[in-house]
Amino acid sequence: MKRNLLTAFCCLLPLGYWVSAQSGISGELKTEYIPYSSYIRPEDSTKTNSKSDFKRADLKLSIPLSVKKDSAGRVKMWSMLLGGSYAKMSHKDYENQLFPNQMLNAQVGVLHMRPLGKKWNMMITATAGVYTDMEKIDFDDVLGQGGILFIRHFNPNLALGGGPVLTTAFGVPMILPWIYFDWKTNGKIKFNINFPEGMEAGYQFSDAFTLKAAVNLSGMSVERNKDGKSMLLGYQQITAGLRPEIKLNDKLKLSVTGGTALLRSFSESDRKIKSIFKDKKVADPKFASTFYIALSLRWNLP
């Protein structure tokens, strides 16, 4: 059950990024690389000679359509959301093809954010996209999701929010929880949690350079046809490492993350609500821990 829930959250992960969307055109281009590591057989948890790597490019864009500010400077906005992730995997020494060679997740949607009183904000998102292994693209690969999040700002450094998310990842509409927690300290020490995306803690050496320790959860989901039945395949990874972050100017920020892929796994389920609550008799296939590196460029145009 826990792994099925993790798969569902990986479908929803792009939503976490939009919480921090700015009033200008903002975006992020990120590339990741995980070298070959051994496949761990789920039947007996044996590390095999079979190996797979992982390479991914990820692009997210938020384009404001309408931005208004009230007398207190609080923003009311409508934005268009565009996002896409393309992953390529190479496999060695497998007797049978177990995992996809390619995965593509591409979404388009809208975001609406507005203040509710002095301390509260509301954010509404709705997206639809294609989640495919590139072997055959049809209407079954189209999934929709949307959510409403209420955020309480206790002070400039602390915000807590929650709300429901509606997704069709399991074939029929279902509701899952969405939780947001953001905390930053004053001064040189920075600490930020954005669940379920991850957390980071760092020290700001100067206006242009910050060194962080980061833990991140990310994933992808694809629809596959197996024996004539539509199935949902989820890929999950948990990474941890050091992240030097360089502020190139007021609009551009570059970061490099180097560390370890603590967990890489796949899980498969049929597209029924009951599947999310079903315990599995056999563990999901996974890979041994190995090196991880990522390069990210973020921008925010006025």
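1. Let me start with a charge over a ring: Lys92 lies over the face of Tyr36, 4.2 Å from the ring centre. The term applies if NZ of Lys or CZ of Arg is within 6 Å of the ring centre and within 35 degrees of the ring normal. Arg264 lies over the face of Phe287 in the same sense, at 4.6 Å from the ring centre.

2. A word on the basis: this is a predicted model, where local features need pLDDT of at least 70 and side-chain atom pairs count only at pLDDT 80 or more, while totals for chains, interfaces and linings use all residues. Residues are numbered from 1 along each chain as its sequence is written, and side-chain values use heavy atoms, leaving out hydrogens and water.

3. Now to the aromatic pairs, of which the whole structure holds twelve. Rings of Phe, Tyr and Trp (its six-membered ring) pair if their centres lie within 6.5 Å; planes under 30 degrees apart count as stacked, over 60 as edge-to-face and the rest as tilted. The Tyr39 and Phe287 rings have centres 6.2 Å apart and planes at 55°, so this pair is tilted.

4. What is the burial of these two partners? Tyr39 is buried, at 9% relative accessible area, and Phe287 is buried too, at 3%. Buried means under 20% relative accessible area, exposed over 50%, and partly exposed in between (1.4 Å probe, protein chains only).

5. Phe287 and Tyr39 also belong to a wider group: ring pairs link Tyr39, Phe54, Tyr94, Phe99, Tyr235, Phe266 and Phe287 into a cluster.
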